[in-house]
Amino acid sequence: MTKIPVINPATEELIQEIAADSPQTINSKFHLLQRGQPAWGARPLSERLGIIARFYDLLESDKELLAKSLTEEMGKPLQQARNEINGARNRIRFFLDNSEKWLAPEWISPEGGTKEKITYEPLGIIANISAWNYPYLVGVNVFIPALIGGNAVFYKPSEYTLLTGLHIQRLLYLAGVPEDAFQLALGHSAVGELLLDLPLDGYFFTGSYKTGKYIATRVAPKLVPCQLELGGKDPLYVMDDVTDIDQVAAAALEGVVYNNGQSCCAVERIYVQEKLYDQFVKSFVAQTKKMVVGNPLEPATEIGPLSRKGQQDFLLMQIEDAVSRGATILTGGNAVPGKGYFLEPTVLTNVNHTMNIMREESFGPVIGIEKVGSDEEAAKLMLDTEYGLTAAVYSTDFDRAEKLMKLMDTGTVYWNCCDRVSAGLPWSGRKHSGLGATLSYAGIRAFVQPKAWHLRG
Ligand code: NAD
């Protein structure tokens with residue numbers, strides 16, 4: 001039996017070893033879900049909602065335990081782990097309050113010779129292959145509406161957040177989700193591959209473009225729904241009319257470093273109008289230097305370790321590439337000596353789009369700030385990416401900001417804010433950032449299929 005080590009990225013110590021699934025265990029879990037899904041799907045919606053409401057409560061009563069476990073296995077500051085669980089509960093609240101509306105049968109023609117209606121049926125058994133950076137938030141986007149919609153879920157937590165995956169399973173069972181409606185697939189990519197081999201009824205993936213593209217290609221012949229929530233290279237543009245530069249710099253910095261910079265919608269590149277550029281950079285660097293990097297369990301810590309060693313090496317390479325092409329490091333640039341995968345928060349200027357740091361997803365507390373002469377130049381640079389997740393504009397003039405936001409080929413745009421997700425709005429990426437949407441009405445309907453009824457007599 002393969003054992004997967006759970007390593008604390010702040011200390012490099014082994015927390016626990018978890019047994020990975022094998023082809024045999026995955027197969028028997030699949031047969032269990034096959035037997036269980038019809039009964040789960042046949043339960044009244046109100047019953048399924050009641051069970052998810054209990055899960056919502058259990059997340060609150062277990063919050064401290066869950067937050068500490070998450071911080072220990074992936075390194076986000078403890079308060080941010082608590083915030084993540086609060087955020088996940090807000091999303092569940094949205095699903096609890098809105099699912100009945102979007103899943104109820106709809107009479108299109110209730111009168112006349114031929115009556116017509118639409119009902120929404122579960123897809124069946126769906127795979128939820130998930131990422132480690134926000135395991136509660138990105139998990140909840142999928143397995144909650146999937147379960148509410150009557151599906152059975154084969155949930156594959158990331159191999160870097162296995163403890164959180166096990167907690168989620170424990171609490172769902174405690175809430176009343178039957179074991180034959182929810183199962184975990186524990187392991188590395190090879191276990192994910194086993195899910196791709198199974199005749200599942202939908203694939204819902206959160207992770208990198210590389211894996212997402214592979215999964216979409218691999219499951220395409222099945223002709224079942226495949227949704228992808230992938231990475232980004234999200235730009236933030238500061239127009240020359242902003243008045244409180246310190247505040248804008250603080251907001252942008254938080255967008256860069258929150259969750260140790262490992263958010264899909266983190267600010268990944270900043271453009272600033274030349275009139276404000278020097279002032280903005282000065283303020284941004286001064287605030288960056290004040291950030292407390294350290295043990296994520298300590299209340300004062302603002303930036304913890306990267307979740308794994310490979311990511312630290314990757315970011316150091318990105319910084320080296322930028323410097324070799326003329327970038328200037330204004331602060332940071334190094335790994336923090338000692339145990340743990342820490343990186344100093346790093347600010348680079350004299351950057352341009354020949355550098356990897358301005359083109360490929362960084363996923364860490366590293367940022368390039370580029371000077372621009374006009375809104376047109378900013379728009380051109382913001383659009384110069386294969387990704388399309390979010391784009392942010394800071395300005396006191398809405399009409400001017402709106403003009404630019406309309407040009408963005410992204411699923412989300414922000415005016416005077418950044419790095420945020422709302423349960424009521426569709427969360428979707430364009431181009432290499434994804435396919436399909438979660439959250440909002442769209443993220444409820446994504447887990448059901450319509451049936452058209454033509455009724456005569
Ligand atoms: P990843 O692609 O390495 O892994 C994601 C999941 O896929 C893991 O569970 C992994 O085990 C599994 N996997 C890997 N190879 C597989 C294969 N061949 N077959 C089946 N499953 C396989 O991504 P990651 O490092 O876990 O996550 C980071 C990425 O996720 C970043 O790019 C980030 O931007 C993105 N992300 C996007 C969103 C969003 O909402 N758009 C949210 C969170 C993270």
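Where does the ligand sit? In this predicted model, the ligand sits in the largest pocket. A pocket here is an open set of points on a 1 Å grid over the protein atoms alone, with protein on both sides within 12 Å along at least five of seven lines, and sitting in it requires more than half of the ligand's atoms to lie within 2 Å of its grid points.

Residues are numbered from 1 along each chain as its sequence is written. The model being predicted, local features need pLDDT of at least 70, side-chain atom pairs count only at pLDDT 80 or more, and totals for chains, interfaces and linings use all residues, while side-chain values use heavy atoms, with hydrogens and water left out.

Turning to the surroundings, the ligand has 29 residues around it (a heavy atom within 4 Å), and the closest are Glu-159, Ser-208, Leu-230, Arg-308 and Glu-361. Domain 1 (3-230 + 433-456) and domain 2 (234-422) each give at least three residues to this shell; the domain bounds come from an automatic or database assignment. Helix 7 (189-197) provides the largest share, four residues.

As for polar contacts (N or O atoms within 3.5 Å), the side chain of Trp-132 places an N or O atom 2.9 Å from a ligand oxygen. A ligand nitrogen is 2.9 Å from an N or O atom in the Glu-193 side chain, and a backbone N or O atom of Gly-207 lies 3.2 Å from a ligand oxygen. Of the 860 Å² that the ligand exposes when taken alone, the protein buries 91% (Shrake-Rupley method, 1.4 Å probe).

Methods
Polar contact = N/O pair within 3.5 Å; in protein donor to acceptor, adjacent residues only side chain to side chain. 1 Å grid on protein atoms, 1.4 Å probe; cavity = no way out; pocket = protein on both sides within 12 Å on 5 of 7 lines; lining within 4 Å. Helix = DSSP H or I, 4+ residues; strand = E, 2+ residues; numbered from the N terminus.
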